[in-house]
Amino acid sequence: MPSLPFVDGIPADESLSVRLTPAGAWYGVDEIGHVVFSAGGQEWTFSSPVLAVIKLLLNGTTATLGELSVSSGLPVGHVAALVSELLEAGVAAVSRRR
C-alpha cells in the first residue's frame, strides 16, 4: 500500500500513462525491506512491491497504470493511489494515450 491514504484524482484506469518528472530522484531498501524513495525534496517509505514501480519510473520509462500493475503485482487501484501521492507532491505526471 502507498504510505498515505488514497488521494482522489487518479482513477484506476489502466490506460493512464505515468512519468516521473524530477531529476535527482533515488531509492534504497532499508534494513526491514521497505523501499525508501526520495524525489522533489520529499521522502516516502513504501512496502517492497512498490520497488518494481519505482524502478520503472526511475528508468525514465513512461508506463501505463496497467503496465505498472503487472510489473509490481499490485492491483491497479493501489498503483493509482501511489501515482496520486507522487502527483500531489509534484514529482510525477500522468497523461492519456491518444
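The exercises below, each with a worked solution, go through a predicted model of a protein.

**Exercise 1. The overall layout**

Work out how many helices and strands the protein has, and in which pattern they follow one another along the sequence.

Solution. Begin with the count, which comes to three helices and six strands for the secondary structure of the protein. Next, read along the sequence, where these elements follow the pattern β-β-β-β-α-β-α-α-β. Then turn to burial and surface: of the 98 residues in the protein, 40% are buried, while the accessible surface comes to about 5,100 Å², with 52% of that area belonging to carbon and sulfur atoms. Finally, consider the contacts in the protein with a separation of 6 or more, of which 63% are between residues 24 or more positions apart.

**Exercise 2. The open sheet**

Determine in which order the three strands of the open sheet stand, and which strands are at its edges.

Solution. The order is β5-β1-β6, and the pairing in this open sheet is antiparallel. The edges are taken by β5 (63–64) and β6 (92–96), each of which has a single partner strand, so one side of each is left without a neighbour in the sheet. In general, strands of a sheet pair through backbone hydrogen bonds, either parallel or antiparallel.

Now take the two pairings of β1 in turn. Strand β1, made of residues 16–20, pairs with β6 in the antiparallel sense over five bridges, and within this part of the sheet L16 stands opposite R96 of β6. With β5, strand β1 pairs in the antiparallel sense over two bridges, and here S17 stands opposite T64 of β5. As a last step, look at how covered β1 is: four of its five residues are buried, which leaves the strand mostly covered.

**Exercise 3. Strands β2 and β4**

Decide whether Y27 and T45 count as buried, partly exposed or exposed, and find how far apart T45 and V29 are in space.

Solution. Start with Y27, which is found in strand β2, residues 26–29. Its relative accessibility is 33%, and because buried means under 20% and exposed means over 50%, Y27 counts as partly exposed. Y27 also helps to make a nonpolar surface patch of about 290 Å², together with W26 and V29.

Move on to T45, which lies in strand β4, residues 42–46. With a relative accessibility of 38%, T45 likewise falls between the two cut-offs and therefore counts as partly exposed. For the distance, T45 and V29 are 16 residues apart in sequence, and from C-alpha to C-alpha they are 9.1 Å apart in space.

**Exercise 4. The surroundings of S72**

Establish whether S72 is buried or exposed, and which backbone atoms its side chain reaches.

Solution. First place the residue: S72 belongs to helix α2, which covers residues 65–72. Its relative accessible area is 14%, and since the cut-off for buried is under 20%, S72 is buried. Next, follow the side chain of S72, which reaches the backbone oxygen of S69 at 3.4 Å and the backbone nitrogen of L74 at 3.1 Å. To complete the picture, leave aside the neighbours within four places in sequence; S72 is then in contact with P49, A52, V53 and V79.

Technical notes: Residues numbered from 1 in each chain as written. Predicted model: local features only at pLDDT ≥ 70, side-chain atom pairs only at ≥ 80, totals over all residues. Heavy atoms only, no water. Patch = residues over 30% accessible without salt bridge, like charges linked within 9 Å, V, L, I, M, F, W, Y side chains within 5 Å. Areas by Shrake-Rupley, 256 points an atom, 1.4 Å probe, with all protein chains shown as cover. Salt bridge = Lys/Arg side-chain N within 4 Å of Asp/Glu carboxyl O. Buried < 20%, exposed > 50% of the residue type's maximum accessible area, 1.4 Å probe, protein only. Pairing = 2+ DSSP bridges. Polar contact = N/O pair within 3.5 Å; in protein donor to acceptor, adjacent residues only side chain to side chain. Contact = heavy atoms within 4.5 Å.
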